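Q: Please take a close look at one buried serine and its surroundings in this model. Then work outward to the salt bridges, the sheet and the cores.

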Amino acid sequence: MTVSRLLASSFLLPVSLTPLSLAVAQENEASQLDPIVVTATLGPETIGESLASVTVIEEKDIRSKAPSDFSDLLRGQPGINVTGNGSFGKTTSVYTRGVQNAGTVFLLDGIKLHSATGGGAPWQFVPTELVQRVEVVRGPRSSLYGADAMGGVVQAFTLDPKYGNRGWVEAGAGNFDTQKVSAGASGSAGNTRFSLSGLHKETDGTAIVENGDDKGFRNTSGLGRVVHDFDNGGEASVMLLQSEGNTEYEGGNTDYTIRTVGFGLVTPLNDYWQTGIQFAESRDDEKSFSGGSESYYNTRLRQARWENTFTYSVHELVVGAELQQDEVSSSMDFNETSRTNTAVFSQLRMNFGSLDTQLSLRSDDNEAYGTKETGGVALGYSFDRSHRVRASYGTAFRAPTFNNLYYPTTPFYRGNPDLKPEESETFELGASGNYQRWFWDLAVYQMDVDDLIGSGEVGGVSSSINVDKARIRGAELGGGFEHNGWRAAIALTYMDPKDRDTGKQLARRTKRTARFDLDKAVSNFTFGGSVIAEGERYNKAANTNLLAGFATLDLRAGWNFAPDWSTRLTLVNVLDKEYSTAERFDGKKYIAAGRTGMLTVRYDLR
């Protein structure tokens, strides 16, 4: 594949124009074990060329595992800790390289989705059934994505419209009175592709605390996309995704809606210059009912981005500007309800034979906490076509949330408008091997965090203050094998997330995780299983509440029993292991669901 063909899709990362970039990946002439990714840099590169630690979860893995929650795809992956307040749509946190949930940026087709009040993404409400591919980038990326990309970036790509007419319908049922149905259709007319898909699922759920009542979950989601390919290699796209429903918790329930809508245009101006624009909006709305009262927290993020890519031979320069505005509407009277962030950024990628270099720089000016500059540098060296080493350094920051800064004063909590952003610097060394049938990747790193946001008092009332410093050291090993119908993947993580002031382990982070996936295709059948193990962790920063480690076993099987017809059985937590990754404020442990089964039948119209 030529460099010019790759550059034609280089703007698709920040824009909701993923079809071209995914098409490039599918046409990649390199090994499928070193796929092209678009999240690690501002343009398409193979994982090896990106000089970053990246995990890709492909469509076939998503379909075979059929997870009930999006976070189940991430659990046990290198450098990832997942905690939850129970199963089936309950509050979920993702810790990337030990950085708290608000320090991981989540992109949905290039559109940032987060809660401006609580921080972090609404992982539990993302409809996995409408996701085609996931890229997980570990390490600082604020020089590319701005605030909150301290631990890394997770990007989910939704279903891609195809040329031609096709469709699918799927229905399934499982224990806990779980039912779901989903369907989709796509078509094309000339150079225009379009698709529409939807999902409804509901469950009575399980108890989320010991001796508690079952807590249910309901979700209805829809996705629409229109993509037009221009004759000059450019592309325009419109997308809309909405996920809404209700989730129950101890003492009440919450109605929720998440929505992303985006328009993007990318076009080459000449052989050396490509430009693109993006306009997008994301919403995270929640209304809770508890004890006869109700409260609501609605956040909206508006985004505009202009990006230009200049190429010369095998070198590339990206420069651009970005405008973001967070808005909050709430039953609580926040002291401020909006903030604007403007940014300029650049990235330079150069290749000198076996040596690759990357430089990135970004300046963010936020009306809430001022100006922050971040940068990164990475070097990579290829010994041959199979073996690489890399070294990188990067800075990042996490912005205080509206709750941190502007929460109205109550007898129990108040915001702190003088709070500063968390800041980090990270050093990383890595090595990888990529062969015809298998690959491996090893990374070691150290992250130092200053002005860690913790709990304290302001004016005699509990509040958020900059109290701590943290040092997180870790090592990650990932590998995979694919041959003759066999597919295997392994992920091992060791991490030491430590508060430098107290010497204690950071709350809710485990030091050790392991994951092993194995699948085999035989004729019209597929069989597979996953083992995920996590070490112990402390629920509180004082390291007084120890949550035991655990291991779970999942099994799955599929059968293409007729042309265009298939069925799939998944069994999660086969050994019915009871485990907890978080506690309530009163010390009760949140417990995950026990043994869970789901049987689905699917018809594909091709």
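A: Start with a polar contact: the side chain of Ser142 comes within 3.3 Å of the backbone nitrogen of Phe397. The model is a predicted one. Ser142 sits in helix 5, which covers residues 142-145. Its relative accessible area is 0%. The cut-off for buried is under 20%, so Ser142 counts as buried.

Now the neighbours of Ser142. Leaving aside residues up to four places away in sequence, Ser142 touches Asp148, Ala149 and Met150. It also touches Arg362 and Thr374. Thr395, Ala396 and Phe397 are on the contact list too. Phe397 is thus a residue that Ser142 touches, and its backbone nitrogen is the atom that the serine side chain reaches.

Two of these neighbours lead to a core. Met150 and Ala396 both touch Ser142. Both also belong to a nonpolar core of eleven residues, which includes Val449 and Leu452 as well. This core lies apart from the largest one, which is taken up below.

Another neighbour, Arg362, leads to a salt bridge. Arg362 touches Ser142. Its side chain meets that of Asp364 in a salt bridge, 2.8 Å from N to O. Both partners are buried. Arg362 has 2% relative accessibility, so it counts as buried. Asp364 is buried too, with a relative accessible area of 1%.

Salt bridges occur elsewhere as well. A search of the whole structure gives 45 of them. Arg193 takes part in a salt bridge with Asp160, at 3.5 Å from N to O. Arg193 lies in strand 12 (residues 192-207), and Asp160 in the loop between strand 9 (152-158) and strand 10 (166-174). The pair therefore ties together parts that are 33 residues apart in sequence. Arg193 is buried at 5% relative accessibility. Asp160 is buried at 10%.

Arg193 has another partner. Its side chain meets that of Asp229 in a salt bridge, 3.2 Å from N to O. Asp229 lies in strand 13 (residues 214-229) and Arg193 in strand 12, so this pair links distant parts of the chain, 36 residues apart. Asp229 is buried as well, with a relative accessible area of 13%. Arg193 thus has salt bridges to Asp160 and to Asp229.

There is also a network of salt bridges. It links Arg97, Arg138, Arg390, Glu428, Asp441 and Glu476.

Next, the sheet. It is open, with five strands in the order 3-8-9-6-7 and mixed pairing. Strand 3 (53-57) and strand 7 (111-112) are the edge strands, each pairing on one side only. Strand 7 pairs with strand 6 (residues 104-108) in the antiparallel sense, over two bridges. Leu107 has Lys112 of strand 7 as its bridge partner.

Asp109 lies in the loop between these two strands, 6 and 7. Its phi is near 55 degrees, a positive value in a residue other than glycine. Most residues other than glycine have a negative phi. Asp109 is also buried, at a relative accessible area of 0%.

Phe88 has a positive phi too, near 65 degrees, and again the residue is not glycine. Phe88 lies in the loop between strand 4 and strand 5 (92-96). At 7% relative accessibility, it counts as buried.

Last, the largest nonpolar core. It has 33 residues. Those with the most contacts inside it are Phe70, Leu74, Phe106, Trp123, Val131, Val134 and Val154. Several elements supply at least two residues each, among them helix 4 (71-74), strand 4 (80-84) and strand 6. Strand 8 (131-138), strand 9 and strand 13 are also among these suppliers, as are strand 14 (235-249) and strand 15 (252-268). Strand 8 gives the largest share, three residues.

Val154 shows how this core is put in touch with its surroundings. Not counting residues up to four places away in sequence, it touches Phe70, Leu74, Phe106, Trp123 and Val134, among others. These five are also listed with the most contacts inside the core. Thr104, Val105 and Leu107 are further residues that Val154 touches, and so are Glu135 and Val136.

Terms used. Residues numbered from 1 in each chain as written. Predicted model: local features only at pLDDT ≥ 70, side-chain atom pairs only at ≥ 80, totals over all residues. Heavy atoms only, no water. Helix = DSSP H or I, 4+ residues; strand = E, 2+ residues; numbered from the N terminus. Buried < 20%, exposed > 50% of the residue type's maximum accessible area, 1.4 Å probe, protein only. Polar contact = N/O pair within 3.5 Å; in protein donor to acceptor, adjacent residues only side chain to side chain. Contact = heavy atoms within 4.5 Å. Pairing = 2+ DSSP bridges. Salt bridge = Lys/Arg side-chain N within 4 Å of Asp/Glu carboxyl O. Core = buried A, V, L, I, M, F, W, Y, C linked by side-chain atoms within 4.5 Å.
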